[in-house]
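The following exercises are to be worked with the sequence and the coordinates at hand. Each task is followed by a solution in steps.

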Amino acid sequence: MFLAKSIVCLALLAVANAQFDTNYASGRSGMVHLFEWKWDDIAAECENFLGPNGFAGVQVSPVNENAVKDSRPWWERYQPISYKLETRSGNEQQFASMVKRCNAVGVRTYVDVVFNHMAADGGTYGTGGSTASPSSKSYPGVPYSSLDFNPTCAINNYNDANQVRNCELVGLRDLNQGNSYVQDKVVEFLDHLIDLGVAGFRVDAAKHMWPADLAVIYGRLQNLNTDHGFASGS
């Protein structure tokens with residue numbers, strides 16, 4: 001399942017049929033958004049309230065390493081440093097445990113994923129200990145180099161699709177999703193989350209990426225993990 005900012009973008013992706021199937025457990029409905037919650041606390045919420053009360057899913061904040069910003073604002077979670085699963089919500093082990101515990105009580109996990117861009121200038125240190133040089137478009141934690149990004153430019157006209165999709169959203173370093181290496185790293189990241197048992201994704205900044213590039217990425221993703229209760233071929 002793909003939840004994105006741009007309905008138009010997703011409507012163009014006929015190949016991404018999974019967007020129309022929430023992969024909810026049978027007989028359940030309704031999703032909650034536990035923004036900025038810690039993974040251990042979400043697991044407890046699934047077991048103590050969401051599961052027993054028939055909720056079907058929970059959307060969580062971005063799970064990958066982000067830039068550490070002064071005063072720790074919520075939006076630092078949308079400035080990726082790497083795809084390591086290490087944030088102030090917890091580490092990979094805690095995230096994996098949360099997904100497993102929520103799935104066990106019928107509550108599916110939907111991850112807010114950020115792969116339109118990487119951190120802007122000033123985002124030199126990450127929540128998982130990685131360092132980066134946004135000014136030179138170097139993110140060793142992935143790794144990404146300047147070869148993986150679109151040329152630097154600002155979005156001045158939101159009615160110009162080329163600017164919206166090729167230039168930098170508020171200075172965030174704009175990845176080139178048409179680059180096969182970038183596609184490989186994004187698919188690797190999303191497939192790892194699927195392996196851990198997630199049911200789907202909310203794709204951040206979808207309207208800032210080319211629909212054809214997203215179609216390639218979506219089309220390459222593996223099926224959901226049957227070890228977590230999903231039907232074969234989901």
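Helices (H or I, at least four residues) and strands (E, at least two) are DSSP runs, numbered from the N terminus. The model is predicted, so local features need pLDDT of at least 70 and side-chain atom pairs count only at pLDDT 80 or more, while totals for chains, interfaces and linings use all residues. Residues are numbered from 1 along each chain as its sequence is written, and side-chain values use heavy atoms, with hydrogens and water left out.

**Exercise 1. Locate W75, state whether it is buried or exposed, and identify the nonpolar surface patch to which it belongs.**

Step 1. W75 is placed in the loop between β3 (57-60) and α3 (92-104).

Step 2. The accessibility classes are buried (under 20% relative accessible area), exposed (over 50%) and partly exposed (in between), with a 1.4 Å probe and protein chains only. W75 has 37% relative accessibility and therefore counts as partly exposed.

Step 3. Patches are made of residues with over 30% relative accessible area and no salt bridge; like charges are joined within 9 Å, and nonpolar side chains (Val, Leu, Ile, Met, Phe, Trp, Tyr) within 5 Å. A salt bridge here is a side-chain nitrogen of Lys or Arg within 4 Å of a carboxyl oxygen of Asp or Glu. Accessible areas come from the Shrake-Rupley method with a 1.4 Å probe, and for residues only the protein chains shown count as cover.

Step 4. Together with F35 and W74, W75 makes a nonpolar surface patch of about 320 Å².

**Exercise 2. Describe the surroundings of strand β4 and determine which strands pair with it.**

Step 1. Strand β4 covers residues 108-113, and six of its six residues are buried; the strand is therefore largely enclosed by the rest of the structure.

Step 2. In a regular strand the side chains alternate between the two faces of the sheet. In β4, R108, Y110 and D112 point one way, T109, V111 and V113 point the other way, and all are buried.

Step 3. Two strands pair if DSSP finds at least two bridges between them. Strands β3 and β4 run parallel and are joined by four bridges; V60 has V111 of β4 as its bridge partner.

Step 4. The chain passes from β3 through α3 to β4 in a right-handed β-α-β crossover. Right-handed here signifies that, with the strands pointing away from the viewer, the path from the first strand over the helix to the second runs clockwise.

Step 5. Strand β4 also pairs with β7, in the parallel sense and over four bridges. In this pairing, D112 stands opposite R202 of β7.

**Exercise 3. Find the disulfides, and give the handedness and the setting of each.**

Step 1. A disulfide is a covalent bond between the sulfur atoms of two cysteines; the criterion applied is a pair of cysteine sulfur atoms within 2.5 Å. A search of the whole structure yields two disulfides.

Step 2. In the pair C46 and C102, the sulfur atoms are 2.1 Å apart. The torsion about the S-S bond is about 90°, so this disulfide is right-handed. C46 lies in helix α2 (residues 39-50) and C102 in helix α3, so the pair ties together parts that are 56 residues apart in sequence. C46 is buried, at 0% relative accessible area, and C102 is buried at 0% as well.

Step 3. C153 and C167 form a disulfide with their sulfur atoms 2.1 Å apart. Here the torsion about the S-S bond is about -100°, so the disulfide is left-handed. C153 lies in the loop between β5 and α4 and C167 in the loop between α4 and β6, so the pair ties together parts that are 14 residues apart in sequence. C153 is partly exposed at 28% relative accessible area, whereas C167 is buried at 7%.

Step 4. With the bonded cysteines of the protein chain numbered in sequence order, the pairing is 1-2, 3-4.

**Exercise 4. Examine the backbone at P143, V170 and A205, and place each residue.**

Step 1. Most residues other than glycine have a negative phi, and most peptide bonds are trans.

Step 2. The peptide bond from V142 to P143 is cis, with omega near 0°. P143 lies in the loop between β5 (117-118) and α4.

Step 3. V170 is not a glycine, yet has a positive phi of about 40°. V170 is in the loop between α4 and β6 (173-174), and is exposed with a relative accessible area of 73%.

Step 4. A205, also a residue other than glycine, has a positive phi near 60°. A205 is found in the loop between β7 (200-203) and α6 (211-220), and counts as buried at 0% relative accessibility.
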